[in-house]
Amino acid sequence: HVYIVVDSIDGATLRSDATQTVLSALAALPEVHVVASCSHRNTAAMWDGQQARQFNWAWVEANTAAAYVAEASDSIHALLASLQDASESAEGRSAQLVLTALTDNAQKAFKELLAHHRENPKSLGIAFPQLFARCKAKLIVSSEAALKGHITEFVDHHLVKTRRGEAGRQCYYATLTPELAQQILAQDAGELASSAKPPQAAAAAATTAGPAAAACLERQGEAAAAVETAPKKARKEAKPAEPIPARRR
């Protein structure tokens, strides 16, 4: 006989339907016996009718009467990691929603700020004159008042904060994590790459069309040239009318 001992059969790593189907199939074998522990009071609702019949559990309450903190000490790191991932995911979605609601120039100005952080990771931020110079060079804004309006929107939506940088100057920095900032910049670069078209596309289409299509295009060009030059030839071939002689009285 084979005995399989499963710790926390209702845990996050074993909770999938595929895993439970495999374990129930093993438990249905006459030579296999499964001994498992569970922590949730609604664990029985995890199995369907077939899985429950294959397991054929004999339920035994085995309370250790120990404080739950002793059991949770091993899984606290996994819990904190999952909470951090959920927080970063929610922050990324909220940032995307805020950027979508902003104007195109505001989005470009914010991405210029992110690009500065990527180029200078050790910098405390970017000063207003530097950000204005970057945005003006790329024709994003034409005046300082427009850039100040965009920065006000960034601060109101908690995308940008201020702090003192070198020489006591006020600097702006993004509150997003480096991963989220890189994701936004990579998405923007992907959109630009997808929208760009190769300049040789028309030439390639003409060359791959074959000699028949090329001959057809050539005939169309000759017909158009004939239509354009026909009026000119007609004007050249037309002779001026002869004057009518005056009658003598």
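Two helices count as roughly perpendicular when the angle between them is 65 to 115 degrees. I start there because the cut-off of 65 to 115 degrees is needed for two of the helix pairs I will go through. The model itself is predicted.

First, the chain as a whole. It has 249 residues, and 22% of them count as buried. There are 10 helices and 5 strands. The accessible surface is about 18,500 Å², and carbon and sulfur atoms account for 58% of that. If you take contacts between residues at least 6 apart in sequence, 62% of them join residues at least 24 apart.

Now the pair that the definition was for. Helix α6 covers residues 128–137 and helix α7 covers residues 144–156. Their axes are 11 Å apart, and the packing angle is about 110°. That angle falls in the range from 65 to 115, so α6 and α7 are roughly perpendicular to each other. Which residues of α6 and α7 meet? From α6 they are Phe-128, Leu-131, Phe-132 and Cys-135. From α7 they are Glu-144, Leu-147, Lys-148 and Ile-151. Sorted by class, the contact of α6 with α7 has 6 nonpolar residues, no polar ones and 2 charged ones.

Between these two helices there is a loop, and Leu-139 sits in it. Leu-139 has a positive phi near 60°, and it is a residue other than glycine. Its relative accessible area is 76%, so Leu-139 is exposed.

Helix α7 has a second partner, α5. The axes of α5 and α7 come within 10 Å and cross at roughly 75°. That makes α5 roughly perpendicular to α7 as well. On the α5 side the contact is made by Asn-105, Ala-106, Ala-109 and Phe-110. On the α7 side it is made by Leu-147, His-150, Glu-153 and Phe-154. The classes here are 5 nonpolar, 2 polar and 1 charged. Leu-147 of α7 appears in the contact with α6 and also in the contact with α5.

After α7 the chain goes through a loop to β4, and His-158 is in that loop. What is the phi of His-158? It is near 60°, a positive value in a residue other than glycine. His-158 has a relative accessible area of 61% and is therefore exposed.

That brings me to the sheet. It is an open sheet of 3 strands in the order β3-β5-β4, with antiparallel pairing. β3 and β4 are the edge strands, each pairing on one side only. Strand β3, residues 126–127, is joined to β5 by 2 bridges. In that pairing, Ile-126 has Tyr-172 of β5 as its bridge partner. Strand β4, residues 160–164, is joined to β5 by 5 bridges. There, Val-160 stands opposite Ala-174 of β5. β4 and β5 form a hairpin with 5 residues between the strands, and in this hairpin Ala-167 takes a positive phi near 60°.

Is β5 mostly enclosed or mostly open? Strand β5 covers residues 170–174, and 4 of its 5 residues are buried, so the strand is largely enclosed by the rest of the structure. As a general point, side chains in a regular strand alternate between the two faces of the sheet. Helix α5, residues 104–119, lies across β3, β4 and β5, and runs at about 95° to β5. So we meet α5 twice: across the three strands, and in the contact with α7.

Last, two residues elsewhere in the chain. Ser-24 lies in helix α1, residues 17–27, and Gln-51 lies in helix α2, residues 49–55. Are they buried or exposed? The cut-off for buried is under 20% relative accessible area. Ser-24 has a relative accessible area of 0%, so it is buried. Gln-51, at 4% relative accessibility, also counts as buried.

As for what surrounds them, I leave aside neighbours within four places in sequence. Ser-24 is then in contact with Gln-51, Gln-54 and Phe-55. Gln-51 is in contact with Asp-17, Gln-20, Thr-21, Ser-24 and Met-46. The two residues are thus in each other's lists.

How values were computed: Residues numbered from 1 in each chain as written. Predicted model: local features only at pLDDT ≥ 70, side-chain atom pairs only at ≥ 80, totals over all residues. Heavy atoms only, no water. Buried < 20%, exposed > 50% of the residue type's maximum accessible area, 1.4 Å probe, protein only. Helix = DSSP H or I, 4+ residues; strand = E, 2+ residues; numbered from the N terminus. Pairing = 2+ DSSP bridges. Contact = heavy atoms within 4.5 Å. Areas by Shrake-Rupley, 256 points an atom, 1.4 Å probe, with all protein chains shown as cover. Axes fitted to C-alpha atoms, helices over the stretch in contact; angles between N-to-C directions. Parallel < 35°, antiparallel > 145°, perpendicular 65-115°, else oblique. Nonpolar A, V, L, I, M, F, W, Y, C, P; charged D, E, K, R; others polar.
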